[in-house]
Amino acid sequence: MAAKKKSSKPKTEANVNEEIKEEAVENKEIASEEVTEAEASEAEDTETKDSEKTKEEEKIEELEDKIKRQLAEFDNYRKRTDKEKEQMFETGAKSVLEKILPVVDNFERAIATIKPEDEGNPHADGIKMIYKQLMTELEKLEVKPIEAVGCEFNPDYHNAIMQAASDEYEAGTVLQELQKGYTYRDSVIRHSMVSVVS
């Protein structure tokens, strides 16, 4: 602001009032310039904040998307490993059960050889009790015998090894079961060996 020349005129009240008015106008102009600069600065700050906010929001969205993808991948991985574990368990269980089934067959043969006069014999009763216990445990494991005699031949469950004539059953019906078949959780462990009516 330029320094004002001092007037050589004697100061009168009108002159003083005039100077005060001029100073007030100058101060007002300076103040309005400062306000305009402050508003411009504030607008710039707001724009900067908005752009920073937008960048932050984009970064947050990007990170959220990344986390969602990783969670989905982990969930898929968990499901896949659970399924693989279950398949491995089923394969192992089937393998063990296949080895136990001949023992069941031998118990059934032993029970079939018990004569009526041997009923009540501790040895015969012991065999029956062990067989019953074994079958109860297999049932708990969801191992079930396949129905055969009198049922229609089904290649998914029956293995036909011979044909025979019959007056009692229609053609394609299982006439005789030569070896019992079993399922484990609805999948076949061993097919029934059967004779089918021709």
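Let me start in helix 1, residues 13-112, where K79 and D75 both sit, 4 residues apart, or about one turn of the helix. Before I go on, I should say that this is a predicted model, in which local features need pLDDT of at least 70 and side-chain atom pairs count only at pLDDT 80 or more, while totals for chains, interfaces and linings use all residues. Residues are numbered from 1 along each chain as its sequence is written, and side-chain values use heavy atoms, with hydrogens and water left out.

When I speak of helices and strands, I mean DSSP runs numbered from the N terminus, with H or I over at least four residues for a helix and E over at least two for a strand. On that basis the chain has 2 helices and 6 strands, and from the N terminus on the elements run α-α-β-β-β-β-β-β.

Back to the pair I opened with: K79 forms a salt bridge with D75, the closest N and O atoms being 3.4 Å apart, where a salt bridge is a side-chain nitrogen of Lys or Arg within 4 Å of a carboxyl oxygen of Asp or Glu. As a general point, side chains of opposite charge can pair when their charged atoms come close. For exposure I use relative accessible area, calling a residue buried under 20%, exposed over 50% and partly exposed in between, with a 1.4 Å probe and protein chains only. K79, at 48%, counts as partly exposed, and D75, at 26%, is also partly exposed.

In the same helix, R78 forms a salt bridge with D82, with the closest N and O atoms 3.7 Å apart, and because R78 and D82 are 4 residues apart in helix 1, about one helical turn separates them. R78 has a relative accessible area of 37% and is partly exposed, and D82, at 37%, counts as partly exposed too. Taken together, D75, R78, K79 and D82 are linked in a network of salt bridges.

What do the side chains of R185 and E90 form when they meet? They meet in a salt bridge, at 3.1 Å from N to O, and since R185 lies in the loop between strand 4 and strand 5 while E90 lies in helix 1, this pair ties together parts that are 95 residues apart in sequence. Is E90 buried or exposed? With a relative accessible area of 18%, E90 is buried, whereas R185, at 34%, is partly exposed. A search of the whole structure finds 9 salt bridges.

The loop that holds R185 also holds D186, placed between strand 4 (182-184) and strand 5 (187-190). Phi of D186 is near 70 degrees, a positive value in a residue other than glycine, and at 73% relative accessibility D186 counts as exposed. E142 likewise has a positive phi, of about 70 degrees, although it is not a glycine; its place is in the loop between helix 2 (122-140) and strand 1 (143-145), and at 40% relative accessibility E142 counts as partly exposed.

Turning to the sheet, 3 strands form an open sheet in the order 2-6-3, with mixed pairing, and two strands are taken to pair if DSSP finds at least two bridges between them. Strand 2 and strand 3 (174-179) stand at the edges, each with a single partner strand, so one side of each is left without a neighbour in the sheet. Strand 3 and strand 6 (residues 192-197) pair in the antiparallel sense over 4 bridges, and the bridge partner of Q179 in strand 6 is M193.

I161 is found in strand 2, residues 158-164, and at 43% relative accessibility I161 counts as partly exposed. In the loop between strand 2 and strand 3 we find T173, which at 11% relative accessibility counts as buried. Which residues is T173 in contact with, leaving aside its neighbours within four places in sequence? They are G150, C151, E152, F153, S195, V196 and V197, where contact means heavy atoms within 4.5 Å.

Finally, for the chain as a whole, 17% of its 198 residues count as buried, and residues 24 or more positions apart account for 61% of the contacts with a separation of 6 or more.
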